[in-house]
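Reader: Got a minute to walk me through this one? I'd like to go through some side chains with you.

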Amino acid sequence: VFNTFDVRLVAIANSNAHALACSGGGMVFAWGQGLYGQLGHGGMEDRSIPTPVLSAEHTKGVKSLAAGVRHSAIVCEDGRVFAWGSNAVGQLGHTGFGQYNTPFELLCVRDAGIIRVAAGLAFTLLLSDGGIAYSFGDGDSGQLGNCDPETTAPVPFSRHPYCQPVPMPIFALDATRVTSIACGQHHSLFTSYGGKVLSCGVGC
């Protein structure tokens, strides 16, 4: 199918019902379930073949991409971050809860030097070139890593106490230079510059 577009794929990400891929030239494709707008095509139709979402002119190259269960996100070569799909618990990174069927930029992290993105069930992680990890979305299992250090209870945000709708640095990693990030459905993993593996969320 990709030969139709004469592209060479350099990265791919998948969730349980949809997938993303990007070409060496920076074009982003999506296919699978589209019920929550996670394909970014402007509607909610399923797509059985890879369909372009963002052009190379728009992205200027893609560094990283991630597929959550009902949302998608990418990081461009210039550090811009785009997300789309369900934002029911803030997993797209802003307070406009609802559904977004086309990609939009997370302006709040435009100058943060973001280089990587990872996505869980309904939350998202970002990593900057300075080793700072950010989290946002659903934190009901502790997967965001941001709890009140005085009470060990989740910090209350928005419409339920475990929802963090904007990207925030993970305070528990303040003294750690993070080198990579990864998400399970309900947990997060981080590696540090010194080779340690850190985790938070279910089973951690």
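Reader: Which residues does I12 touch, not counting residues up to four places away in sequence?

Author: Quick caveat: this is a predicted model, where local features need pLDDT of at least 70, side-chain atom pairs count only at pLDDT 80 or more, and totals for chains, interfaces and linings use all residues. Residues are numbered from 1 along each chain as its sequence is written, and side-chain values use heavy atoms, with hydrogens and water left out. Taking contact as heavy atoms within 4.5 Å, I12 touches L20, A21, W31 and L65.

Reader: Is I12 buried or exposed?

Author: Buried means under 20% relative accessible area, exposed over 50%, and partly exposed in between (1.4 Å probe, protein chains only). I12 counts as exposed because its relative accessibility is 59%.

Reader: How is the aromatic pair of Y100 and F104 oriented?

Author: Rings of Phe, Tyr and Trp (its six-membered ring) pair if their centres lie within 6.5 Å; planes under 30 degrees apart are stacked, over 60 edge-to-face, the rest tilted. Y100 and F104 sit 5.2 Å centre to centre with 55° between the planes, so the pair is tilted.

Reader: Which residue forms a salt bridge with E105?

Author: That takes a side-chain nitrogen of Lys or Arg within 4 Å of a carboxyl oxygen of Asp or Glu. E105 is buried at 17% relative accessibility, while its partner is partly exposed at 40%. With the closest N and O atoms 2.7 Å apart, that partner is R110.
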